[in-house]
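Me: Hi! Could you walk me through this one? I'd like to start with how the strands are paired.

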Amino acid sequence: ASNVSTTNAPTSAPRSGLKDLQSPQADDITEFPFALGVASGDPAPTSVVLWTKLITDALSGKGVGADRAVLWEMATDEDFKNIVARDLEPAPEEFANSVHVDVTNLEPATSYWYRFKIGSHTSVVGRTRTAPAEDAAVESLKIAFASCQLRTAGYWTAYPHMVSDEPDVVFFLGDYIYEYVGGQGDLAVPLDNEPQTLDDYRVVYGAYKRDQRIQDAHACAPWVLTWDDHEVENNHAGAIPEKDEDRAGFSSRRRAAYQAYWEHQPIRTDPPAEDGSLQMYRSLRWGTLAEFFVLDGRQYRTDQPCGDQVITSRSNCEGLEDENATMLGNEQEKWLIEGLKDSGAQWKVLAQQTVMKALVLGDLLLNPDQWDGYPAARQRLLSTIDENQISDVVVLTGDIHAAGAASLRIPDAGTSGKVVASEFVTTSISSPGFGAIVGDLDLTPLGLAYANFKDRGYGRATITKDSWVTQFVTVDTVKEPQSDAQVDATVTVKAGTPGVVRK
């Protein structure tokens with residue numbers, strides 16, 4: 001697979017001379033227009049995407065109006081004494097004056113600092129880095145991975161700790177926003193009803209991205225993002241909404257949500273196509289050490305079985321055994337399988353949304369929205385890994401608002417069978433815990449190496465040619481603006497030996 005495999009990726013305009021460019025005139029912009037911060041993402045060996053958005057105020061989510069341009073600068077030092085690239089980039093009114101710059105011709109495995117300017121205004125400085133050359137022997141990689149940050153549920157007290165970790169890359173695995181509104185004070189999402197239109201979703205993103213904690217996290221390292229359901233609506237499946245009565249207007253709602261997502265994230269892909277679709281799945285290499293396959297488990301999936309009922313009976317679950325049911329869609333599934341077979345990297349990593357490990361207790365299926373609702377698709381994937389002797393496969397997962405680690409076994413990711421991969425699930429940044437749903441159920445028979453169903457936090461990992469070490473970081477509270485944090489568990493996978501071991 002290529003370093004970043006997306007279609008029709010935008011590229012920055014030809015570079016102008018570094019001494020010839022000035023900040024574009026914008027006398028009408030009196031308020032600070034960079035109030036949602038800056039971000040970078042999708043690092044490749046010689047390129048990285050830079051992002052910002054010009055706004056009138058953080059809560060409205062509105063752009064500054066009219067087509068604009070910003071000056072961006074990239075340097076090898078934080079003080080910008082050695083600027084290596086500088087150019088103008090459009091900030092179109094059509095996309096609420098969001099800015100996406102695909103900076104090219106950079107040096108591999110190099111740290112850079114970047115900023116944006118318009119008129120008399122200069123953004124904060126962000127730090128990013130490029131990936132190593134594809135054939136580079138890399139000694140180690142530090143990542144953080146997170147998901148599920150319901151704004152109205154609490155403060156994002158995990159992010160300052162993530163920033164202090166100084167990760168090389170942050171992976172965000174879905175539910176960056178929620179369609180749920182309301183809340184109080186700093187945690188308010190100022191809409192009366194769930195977002196339906198593009199303007200609505202822009203308001204939601206404004207409420208989320210104005211938080212200084214997430215701005216600092218974006219500014220500390222490049223992010224690699226994918227989405228799950230709440231970026232549009234809870235438990236939607238492809239073009240099928242959660243509730244049948246909402247089908248009439250769901251296509252336009254999803255189109256609006258997709259555009260708003262693109263406007264607010266540093267991803268290397270074009271805005272939504274004419275049919276409203278948005279290319280999200282892609283792969284990124286980190287030298288010979290790791291290849292990350294970033295999956296889209298929402299846009300192409302078939303409808304959930306069992307009427308999408310949480311904690312339901314497998315024996316009465318209509319559609320559960322459908323061989324044609326798919327989590328990824330045929331095209332993405334084929335792309336993933338071929339990429340796994342062809343990858344020359346040591347660690348093959350699936351950065352994706354929903355739990356792959358079987359969470360089944362006798363006849364009880366805990367959540368058909370996860371891979372448990374698509375057992376034929378899961379079996380195809382795990383069998384491919386086994387039959388082709390694809391080693392050192394790791395799955396990174398979010399969604400469930402609980403932390404966990406497990407070995408994945410053929411044929412069904414259950415508790416028996418040959419181990420072919422390992423899975424690490426991060427708990428939520430702020431969203432309420434899954435423990436409230438499972439209640440007093442005895443989860444011991446699930447065979448998890450580690451599980452935490454009550455705490456909020458994130459995951460971090462150190463990857464070397466010999467091992468993958470994941471630490472699960474939990475915070476004391478999300479009900480106060482600051483919180484202490486600690487490592488709740490450390491879990492290891494040894495290279496060449498699939499399966500997780502808790503230290």
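Reply: Happy to. One definition to begin with: two strands count as paired if DSSP finds at least two bridges between them. Keep in mind that this is a predicted model.

Me: Good. Which residue in S20 is the bridge partner of Thr 397?

Reply: Val 425 is the partner of Thr 397 there. The strands involved, S18 and S20, run parallel and are joined by 4 bridges.

Me: And how many bridges does S18 make with S15?

Reply: There are 4 bridges between S15 (residues 347-351) and S18, again with parallel pairing. One pair to look at is Val 349 with its bridge partner Val 394 in S18.

Me: Is S18 buried or exposed?

Reply: Buried: 5 of the 5 residues of S18 (residues 393-397) fall in that class. Val 393, Val 395 and Thr 397 lie on one side, Val 394 and Leu 396 lie on the other, and both faces are covered. As background, side chains in a regular strand alternate between the two faces of the sheet.

Me: What about S10, which way do its side chains point?

Reply: In S10 (residues 169-172), Val 169 and Phe 171 point one way while Val 170 and Phe 172 point the other way, and all of them are buried. S10 is joined to S9 (residues 140-146) by 4 bridges, and the two run parallel. Within that pairing, Phe 145 has Phe 171 as its bridge partner in S10.

Me: Where can I find antiparallel pairing?

Reply: Try the open sheet of 3 strands, ordered S14-S17-S16, where the pairing is antiparallel. S14 (312-313) and S16 (360-361) are at the edges with a single partner strand each, so one side of each has no neighbour in the sheet. S16 pairs with S17 (residues 364-365) over 2 bridges, and Val 360 has Leu 365 as its bridge partner in S17.

Me: Switching to helices. How many of the residues of H3 are buried?

Reply: 7 of the 9 residues of H3 (residues 212-220) are buried, which makes the helix mostly covered. Among them are Ile 214, Ala 217, His 218 and Cys 220.

Me: What do those buried residues pack against?

Reply: Quite a list: the strands S1 (39-44), S6 (111-118), S8 (126-129) and S11 (223-225), along with helices H1 (159-165) and H2 (198-209).

Me: Nice. Now the backbone oddities: which residues are joined by a cis peptide bond?

Reply: Ile 410 and Pro 411, with omega at about 5°. You'll find Pro 411 in the loop between S19 (403-409) and S20 (419-425).

Me: What is the phi of Asn 105?

Reply: Phi of Asn 105 is positive, about 60°, although the residue is not a glycine. Asn 105 sits in the loop between S5 and S6, and its relative accessibility of 66% means that it counts as exposed. Ala 109 also has a positive phi, near 50°. Ala 109 belongs to the loop between S5 and S6, and at 43% relative accessibility it counts as partly exposed.

Me: And Glu 94, where is that one?

Reply: Glu 94 is in the loop between S4 (83-91) and S5 (98-103). With 57% relative accessibility, Glu 94 counts as exposed, because the cut-off for that class is over 50%.

Me: Which residues does Glu 94 touch, leaving out those up to four places away in sequence?

Reply: Asp 67, Arg 202, Gln 259 and Glu 263.

Me: Let's zoom out. What's the radius of gyration, and what would a compact globule have?

Reply: The protein has 22 Å, which agrees with the value near 23 Å for a compact globule of 503 residues. Its C-alpha trace spans about 65 × 50 × 45 Å along the principal axes.

Me: How many helices and strands are there in the protein?

Reply: 7 helices and 25 strands. Buried residues make up 62% of the 503 residues. Of the contacts with a separation of 6 or more, 72% come from residues 24 or more positions apart.

Me: Last one: how many positive and negative charges are there?

Reply: 44 positive and 73 negative, with mean positions 5 Å apart. The accessible surface is about 18900 Å², and carbon and sulfur atoms account for 46% of that area.

Notes:
Residues numbered from 1 in each chain as written. Predicted model: local features only at pLDDT ≥ 70, side-chain atom pairs only at ≥ 80, totals over all residues. Heavy atoms only, no water. Rg over C-alpha atoms; globule rule 2.2 N^0.38 Å. Buried < 20%, exposed > 50% of the residue type's maximum accessible area, 1.4 Å probe, protein only. Contact = heavy atoms within 4.5 Å. Areas by Shrake-Rupley, 256 points an atom, 1.4 Å probe, with all protein chains shown as cover. Lys, Arg positive; Asp, Glu negative; His and termini not counted. Charge placed at Lys NZ, Arg CZ, Asp CG, Glu CD.
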